[in-house]
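Notebook open, coffee poured. I'm jotting down what I looked up, in the order I got to it.

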Amino acid sequence: MGPYQVSAERTRFSSPSHRSLRQRNGMVKIVMSSASLAHSALLPDSIQVFQRGWLSSNNVLIRGSRQTVLIDSGYCTHAAQTQALVAHALDGRPLDLLINTHLHSDHCGGNAALQAAYPDLKTHIPPGHAHFVAAWNPDALTYGPTGQSCPQFRFDAKLEPGTEFQLGNALWEIHAAPGHDTHSVMLFEPVERILVSADALWERGFGVVFPELDGEGAFEEVASTLDIIESLQPTTVIPGHGAPFRDVATALTVARQRLDGFVRNPAKHMQYAAKVLLKFKLLEVQQLELQALVHWAQSTPYFASTFARHFSGVALAEAVEQLVRELVRSGAATMQGSAVHNV
Ligand SMILES: [Zn+2]
């Protein structure tokens with residue numbers, strides 16, 4: 001199998017059949033070989049993780065003897081890459097089932113493309129916002145308020161927390177995971193003790209607690225979801241972003257410390273959320289004029305409402321410029337003249 005090129009941010013693989021990638025001219029070159037990577041030892045051969053970046057969530061591909069499943073489909077601007085990765089890994093088999101842990105744009109932006117590519121594909125989503133998918137309401141699904149995009153997709157069934165179902169050759173449990181997103185679910189395979197945690201737990205932290213931006217307290221839900229993860233005693237966690245990991249105890253400690261910091265100082269969480277939204281925009285467009293970024297923030301309701309609620313008295317333009325300076329200081333962006341560039 002020869003190499004092929006895709007335009008995207010860095011992608012890594014925990015699969016025995018994907019070896020390495022190199023960046024060239026802003027493109028990512030993926031070279032296939034049969035050598036294995038360290039991550040593959042963490043997971044059975046039937047499970048592959050396409051480790052994406054922050055714009056696209058990871059994709060988890062499960063190849064059972066009679067069924068193939070993909071968990072989460074990345075952001076829409078990477079949909080062609082997602083489709084290529086899945087097609088390559090499936091080597092001619094169709095994709096049978098698509099699961100979304102939650103409906104944020106970076107987790108289901110490839111749904112529409114995969115549904116078009118695999119006409120018999122079934123799609124299962126968490127129940128909380130299913131009615132907004134059925135009636136396609138991009139504002140209720142957060143795509144409007146976050147200034148993000150997600151092509152319309154359909155679904156066939158709901159993932160009811162507290163139930164279990166067959167994914168590939170194993171039974172997986174569905175657990176509610178409110179906090180980062182009120183309606184998120186996690187998936188747990190109790191024999192190998194593998195947890196697909198989505199954005200409820202990363203190796204170093206967890207996703208922005210979006211309900212807090214709407215003024216709905218959700219830090220307690222984050223804490224109870226972390227408790228659920230601890231009680232499941234997973235040996236391997238496949239997070240929504242970042243590499244799969246096994247030191248779950250340390251990850252839980254880090255997450256709880258981070259949560260404590262947010263609970264003590266909610267403004268810190270708001271700053272973090274605003275920075276994440278700005279960085280997400282930069283990841284999507286790679287570069288834009290500072291004034292255009294300010295304009296985008298002004299027309300993005302989560303920004304406008306977050307600042308109105310928590311930083312009254314500070315002009316939004318000033319606050320965005322301050323956040324951009326912090327992104328530059330932390331190495332997440334650069335300024336070249338009046339343009340902001342993603343790093
Ligand atoms: Zn999310």
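Started with a strand pair: S14 and S15 run parallel to each other, paired over four bridges. Reminder to self that this is a predicted model. For a residue-level handle on the pair, I noted that Leu195 sits opposite Val237 in S15.

Next I wanted the whole sheet. I found five strands in an open sheet, ordered S11-S12-S13-S14-S15, with mixed pairing. At the edges I have strand S11 (164-167) and strand S15 (236-239), each pairing on one side only. The twist from one strand to the next averages 30°.

Then the metal. Which residues coordinate the zinc ion? I get His102 through NE2, His104 through ND1, His180 through NE2 and Asp199 through OD, at 2.1 to 2.5 Å. I checked the geometry too: the angles between the four donor atoms span 86 to 173°, so the arrangement goes down as irregular. A tetrahedral label would have needed all angles between 85 and 135 degrees.

Along the sequence, I wrote the donor spacing as H-x1-H-x75-H-x18-D. His102 and Asp199 are 97 residues apart, so to speak two distant parts of the chain linked as a pair. I placed His102 in the loop between strand S8 (97-99) and helix H2 (105-108). Asp199 is in the loop between strand S14 (194-198) and helix H5 (210-213), and S14 is the strand I began with, the parallel partner of S15.

Last lookup: are these two donors buried or exposed? His102 is buried at 1% relative accessible area, and Asp199 is buried as well, at 3%. Both count as buried because the cut-off is under 20%.

How values were computed: Residues are numbered from 1 along each chain as its sequence is written. This is a predicted model: local features need pLDDT of at least 70, side-chain atom pairs count only at pLDDT 80 or more; totals for chains, interfaces and linings use all residues. Side-chain values use heavy atoms; hydrogens and water are left out. Donors are N, O and S atoms within 2.8 Å of the metal (3.2 Å for Na, K and Ca); water is not among the atoms, so sites may look incomplete. Four donors count as tetrahedral if all angles lie between 85 and 135 degrees; four count as square planar and six as octahedral if opposite donors are over 155 degrees apart and all others between 65 and 115; anything else is irregular. Buried means under 20% relative accessible area, exposed over 50%, partly exposed in between (1.4 Å probe, protein chains only). Two strands pair if DSSP finds at least two bridges between them. Axes are lines fitted to C-alpha atoms, for helices over the stretch in contact, and angles run from 0 to 180 degrees between N-to-C directions.
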